[in-house]
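Please explain how this protein is put together, beginning with its interior and ending at its surface.

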Amino acid sequence: RKEATVRIRSIKPEFWRSEDIDPMDIQCFKEFGVAPPGQEFLYRLFDAEGALLYVGITWNPFVRWNAHKKSKPWWPDVAHADVYLCRDDADARAWETWCIKNLDPAHNKHQKKGWKP
């Protein structure tokens, strides 16, 4: 089982457009941009104090984070993200579920105890 892990460091939620972004981060995103066919990224978003705000999965972080930026009132609190490449969709969903249930991100609603659609 081969897995890749990439950690994105940033001081701004809009880090992919920021002049303050670490050059290593820019290079990472240029290299992996979207997930390979059959794979997905798991991402975890944190505030400046390191509190976990949200966990999600996507094949394209830029598209997903732009959607969050437009629709989520907590988006301005995002200070950095961890991004992990999962081996397949099932693996990504399993890790997402585990993170939500065990790490209790502040803004995830589904999969938490007591959640009802």
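**From the core to the surface**

The largest nonpolar core has 13 residues, and those that touch the most other members are Tyr43, Leu45, Tyr54, Trp65, Trp74, Trp75 and Val78. At least two residues of this core come from each of the strands β2 (40–46), β3 (52–58) and β4 (80–86). A second core of nine residues is separate, and Leu52, Val55, Ile57 and Ile100 are among them. In soluble globular proteins, nonpolar side chains tend to be buried together. The model is a predicted one.

Strand β2 is a useful place to continue. Seven of the seven residues of β2 are buried, so the strand is mostly covered, as buried means under 20% relative accessible area. Glu40, Leu42, Arg44 and Phe46 point one way from β2, while Phe41, Tyr43 and Leu45 point the other way. In a regular strand the side chains alternate between the two faces of the sheet.

Which strands pair with β2? One is β4, which runs antiparallel to β2 and is joined to it by seven bridges; here Phe41 has Leu85 as its bridge partner. The other is β3, also antiparallel, with six bridges to β2; in this pairing Arg44 is matched with Val55. β2 and β3 form a hairpin in which five residues lie between the strands, and Gly50 in the turn has a positive phi of about 90 degrees.

At the surface, Trp95, Trp98 and Leu103 make a nonpolar patch of about 300 Å². Trp98 belongs to helix α3, residues 89–103. Why is Trp98 called partly exposed? Its relative accessible area is 43%, and partly exposed covers the range between under 20% for buried and over 50% for exposed.

Technical notes:
Residues are numbered from 1 along each chain as its sequence is written. This is a predicted model: local features need pLDDT of at least 70, side-chain atom pairs count only at pLDDT 80 or more; totals for chains, interfaces and linings use all residues. Side-chain values use heavy atoms; hydrogens and water are left out. Patches are made of residues with over 30% relative accessible area and no salt bridge: like charges are joined within 9 Å, nonpolar side chains (Val, Leu, Ile, Met, Phe, Trp, Tyr) within 5 Å. Accessible areas come from the Shrake-Rupley method with a 1.4 Å probe; for residues, only the protein chains shown count as cover. A salt bridge is a side-chain nitrogen of Lys or Arg within 4 Å of a carboxyl oxygen of Asp or Glu. Helices (H or I, at least four residues) and strands (E, at least two) are DSSP runs, numbered from the N terminus. Buried means under 20% relative accessible area, exposed over 50%, partly exposed in between (1.4 Å probe, protein chains only). A nonpolar core is a set of buried Ala, Val, Leu, Ile, Met, Phe, Trp, Tyr and Cys residues joined through side-chain atoms within 4.5 Å. Two strands pair if DSSP finds at least two bridges between them.
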